Amino acid sequence: MPEAIDLDVVRQMLPGTPYGTGVREIRPPVPFDDEAFEGMLARNPDDQEVWGIAYNGKTRHERQRFTIAHELGHFILHRGQQWSFNCDKQSVHTGIATLRDIEREADDFASNLLMPGDLLRDWISNQRIDLHVLSAIAKRFQVSFEALCIRFIKFTTQRAILVYWDNGYVKYEWRSSSAVKTRARIRRNADPQEPLPGTLAADASVDQEWDGTEMSAAIWCPEEARHMKLREFKHSFGARDRVLTLLLLESAEPRAWDRSWQDGESFDSFDQFVSNGQLPVR
Ligand SMILES: [Zn+2]
């Protein structure tokens, strides 16, 4: 059974491939304790054919793997531009739009390396998705649950929305391509967004809901037809101050109005535009 990719093997092989031209060795990653960084990639000033990787040794194994894969991404994609890369926490697998391009590219590289899309597509098709299933896939890839959920949103054909709450406010929100095409989006209630009444996200007595609770889709998404249902899932991290919400909506036909929007990113920035009050919201 194909399992998690061995980053040590990738690191050792790279200098012998066209991706490692001019490099003799990438040294084994070393942990460090500096809270200021998540990871680093640097060229040895005394021996320019040698590069090194360092990672925050205080974080979880899965996060360390993502960081090392991210640094390997810088090595392959960006080492011609800079001799050192200091990557902070924000830049690792958050996918936020304000990241510098090279950070986003290194994140994409890491996601592709650790969670190959064709495998993931195989594993999530033809089965009923819940958080047990996604957690098991995260374990197989040896990635964090959060990173896997973000990847799931990118590859699922279902209408799905993922929300990351930090201390009661939305930090990030991702929608699957079919959610974007069918114009499924969450009711705006504040800036930053707070959990909506009647949802599990707003229910402090519920820490975890891995099986999903069925409810009317309109509770979350005001533009959904009344008969539409969704399943809401909830996962709380650590001291419950960080929460992931996954919404899986019943399928729907793309809405004509949306066909002019070719990709999710421009649509999401349109959403942001609206929520910033720069356009009147109906
Ligand atoms: Zn980086």
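**Sheet, helix and core: a short conversation**

Reader: Over how many bridges do strand β6 and β7 pair?
Author: Strand β6 covers residues 159-166, and its pairing with β7 is antiparallel. Strands are DSSP runs of E with at least two residues and helices are runs of H or I with at least four, numbered from the N terminus. Two strands pair if DSSP finds at least two bridges between them. For β6 and β7 the count is six bridges.

Reader: What kind of model is this?
Author: Residues are numbered from 1 along each chain as its sequence is written. Local features need pLDDT of at least 70, side-chain atom pairs count only at pLDDT 80 or more, and totals for chains, interfaces and linings use all residues, in what is a predicted model.

Reader: Which strands are the edge strands of the open sheet of five?
Author: The order of this open sheet is β7-β6-β10-β9-β8, with antiparallel pairing. An edge strand pairs on one side only, and that applies to β7 (169-175) and β8.

Reader: Which helix packs on this sheet?
Author: Axes are lines fitted to C-alpha atoms, for helices over the stretch in contact, and angles run from 0 to 180 degrees between N-to-C directions. Neighbouring strands of the sheet are turned by 20° against each other on average, direction ignored. The helix that touches β6, β7, β9 and β10, with its direction at about 150° to that of β6, is α6.

Reader: Is Thr-245 buried or exposed?
Author: Thr-245 sits in strand β10 (residues 242-249). A residue is buried with 20 or more other C-beta atoms within 10 Å of its own, exposed with 12 or fewer, and partly exposed in between, the C-beta atoms being placed from the backbone. Thr-245 has 24 other C-beta atoms within 10 Å, so this residue is buried.

Reader: How far apart in space are Thr-245 and Ala-201, C-alpha to C-alpha?
Author: Two residues are in contact if their C-beta atoms, placed from the backbone, lie within 7 Å. Ala-201 is among the contacts of Thr-245 beyond four places in sequence, which also include Trp-165 and Glu-232. In sequence the two are 44 residues apart, while in space their C-alpha distance is 6.7 Å.

Reader: Which buried residues of α5 lie on the same side of this helix?
Author: Helix α5 covers residues 131-141. Its buried residues span an arc of only 120° around the axis, which puts them on the same side of α5; the arc is that of the directions from the helix axis to the C-beta atoms. The face turned away carries the exposed residues His-132 and Ala-136. The buried ones are Leu-131, Leu-134, Ile-137, Ala-138 and Phe-141.

Reader: Which residues touch the most other members of the largest nonpolar core?
Author: A nonpolar core is a set of buried Ala, Val, Leu, Ile, Met, Phe, Trp, Tyr and Cys residues joined through C-beta atoms within 7 Å. This one has 56 residues, and touching the most other members are Leu-148, Cys-149, Leu-162 and Leu-246.

Reader: Between which domains does this core lie?
Author: Domain bounds come from an automatic or database domain assignment. Both domains give residues to the core, so it lies between domain 1 (7-114) and domain 2 (159-275).

Reader: In β5, what is the bridge partner of Ala-42?
Author: Strand β3 (residues 39-43) pairs with β4 (residues 50-56) in the antiparallel sense over five bridges, and there Ala-42 stands opposite Gly-52. β3 also pairs with strand β5 (residues 84-87), again antiparallel, over four bridges. In β5, the partner of Ala-42 is Ser-84.
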